[in-house]
Amino acid sequence: MTLNENQNNGIPETHPRYQSLKFRHKIIDGMKKLVVAEAGLIAHGRGECFDYILGEKTTKTARYAIRAAVAALLLAKKPVISVNGNVAALVPNELVTLSKLLNIPLEINLFYHKEGRIKAITDVLTKAGATDIKGINEDKMVELEGLESNRRKVELIAKADIVMVPLEDGDRTEALKKLNKKVIAVDLNPLSRTALWADITIVDNIVRVIPEMIEISKELKKLNKAELNYILEKFDNKLNIQKTLDLIIDYIKEQKKIAFNIQKK
Ligand code: PTJ
């Protein structure tokens with residue numbers, strides 16, 4: 001085994017699915033360290049499946065949603081980025097960079113409560129450079145109305161005007177909407193309840209979304225309010241989700257042709 005194979009859980013960098021396997025192992029390692037919930041492995045697998053039929057790339061509809069999301073975050077008065085186990089395991093450094101660039105607090109908010117998880121995620125974010133992490137002090141928490149899961153316990157999210165919720169289960173998005181908050185979702189499943197309830201739905205892999213948001217933030221930070229509002233007003237989430245579904249259909253049709261041609265050879 002070469003040195004590189006050793007460092008990457010035995011996966012050679014030349015493996016055709018190296019990137020995908022690398023992130024899969026970040027999730028597995030995260031689970032061993034309590035960062036990721038057991039169910040996070042299953043959620044990741046579901047995400048991989050949708051990523052596959054999106055061509056494992058940031059589509060033009062995803063890029064459009066990312067622009068709208070960054071514009072909305074720049075215009076917001078009290079934005080918060082919610083962090084769960086999978087996100088902390090996959091993109092901790094990028095998340096901290098984005099939070100600093102846009103001056104938006106990170107708040108840990110978990111669906112699965114387990115002793116030691118908050119500490120494990122705090123450690124990962126701190127190592128990535130975060131200095132002020134919300135959602136770790138029970139005394140500062142309040143309960144969100146209309147939500148029974150562990151996600152009901154929030155800190156800044158209670159007063160936020162806009163919340164970014166990467167890899168979410170549907171209940172909270174619905175509850176946040178009922179409390180008149182704007183929601184930005186990142187979900188590879190364009191048909192999930194989260195995707196359909198959110199104001200801005202980014203159908204893309206979080207490992208590509210956060211780096212892209214960092215790049216777009218640098219560009220949009222130079223715009224004035226009117227220009228940011230224009231980007232936001234032009235964005236139609238329902239239409240964008242429909243166009244994403246069209247892209248999936250086109251991709252599958254293309255793959256069908258390729259599979260047919262391979263069979264013929
Ligand atoms: O850390 P916790 O306790 O807060 O739990 C987090 C999970 C993700 C386990 C919890 O929120 C959950 O069970 O979520 P769901 O209901 O499985 O939904 C997760 C959604 O994220 C699914 O629609 C997946 O397709 C999607 N998804 C998975 N991996 C990614 C993703 N979307 C974007 N990028 C990914 N890498």
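**View 1. Phe 111 offers its backbone to the ligand.** In this predicted model, a polar backbone atom of Phe 111 lies 2.8 Å from an oxygen atom of the ligand. Look at the main chain here, since the polar atom in this pair belongs to the backbone of Phe 111.

**View 2. Two arginines reach the ligand with their side chains.** Start with Arg 117: an N or O atom in its side chain is 2.7 Å from an oxygen atom of the ligand. Then find Arg 151, where a polar side-chain atom is 2.9 Å from an oxygen atom of the ligand. How much of the ligand's own accessible area does the protein cover? On its own the ligand has 740 Å² of accessible area, and the protein covers 94% of it.

**View 3. A shell of 24 residues surrounds the ligand.** The closest are Phe 111, Tyr 112, Arg 117, Asp 187 and Asn 205. Sorted by class, the shell holds nine nonpolar, eight polar and seven charged residues.

**View 4. The ligand takes up the space of the largest pocket.** Which elements give two or more residues to the shell around the ligand? They are helix H3 (38-53) and helix H5 (85-90). Of the two, take a good look at H3, which provides the largest share of that shell with six residues.

**View 5. The walls of the largest pocket come into focus.** About 700 Å³ of space lies in this pocket. Its lining is made by 33 residues, and those nearest the centre of the pocket are Ala 43, Arg 46, Leu 167, Glu 168 and Asp 169. At least two lining residues come from each of H3, H5 and helix H9 (193-197). H3 again stands out here, giving the largest share of the lining with nine residues. By class, the lining of the largest pocket comprises 13 nonpolar, eleven polar and nine charged residues.

**View 6. The second largest pocket has walls of its own to explore.** Its volume is about 550 Å³. The second largest pocket is lined by 22 residues, and Lys 26, Lys 33, Ala 89, Pro 92 and Val 124 are the ones nearest its centre. Four helices are worth tracing here: helix H2 (18-32), H5, helix H6 (92-102) and helix H7 (117-127) each supply at least two residues of the lining. Which of them gives the most? That is H2, with five residues in the lining of the second largest pocket. This lining divides into nine nonpolar, six polar and seven charged residues.

Definitions and conventions: Residues numbered from 1 in each chain as written. Predicted model: local features only at pLDDT ≥ 70, side-chain atom pairs only at ≥ 80, totals over all residues. Heavy atoms only, no water. Near = heavy atom within 4 Å. Polar contact = N/O pair within 3.5 Å; in protein donor to acceptor, adjacent residues only side chain to side chain. Areas by Shrake-Rupley, 256 points an atom, 1.4 Å probe, with all protein chains shown as cover. 1 Å grid on protein atoms, 1.4 Å probe; cavity = no way out; pocket = protein on both sides within 12 Å on 5 of 7 lines; lining within 4 Å. Sits in = over half its atoms within 2 Å of the grid points. Nonpolar A, V, L, I, M, F, W, Y, C, P; charged D, E, K, R; others polar. Points joined across faces, edges and corners; volume = space filled by probe spheres on them.
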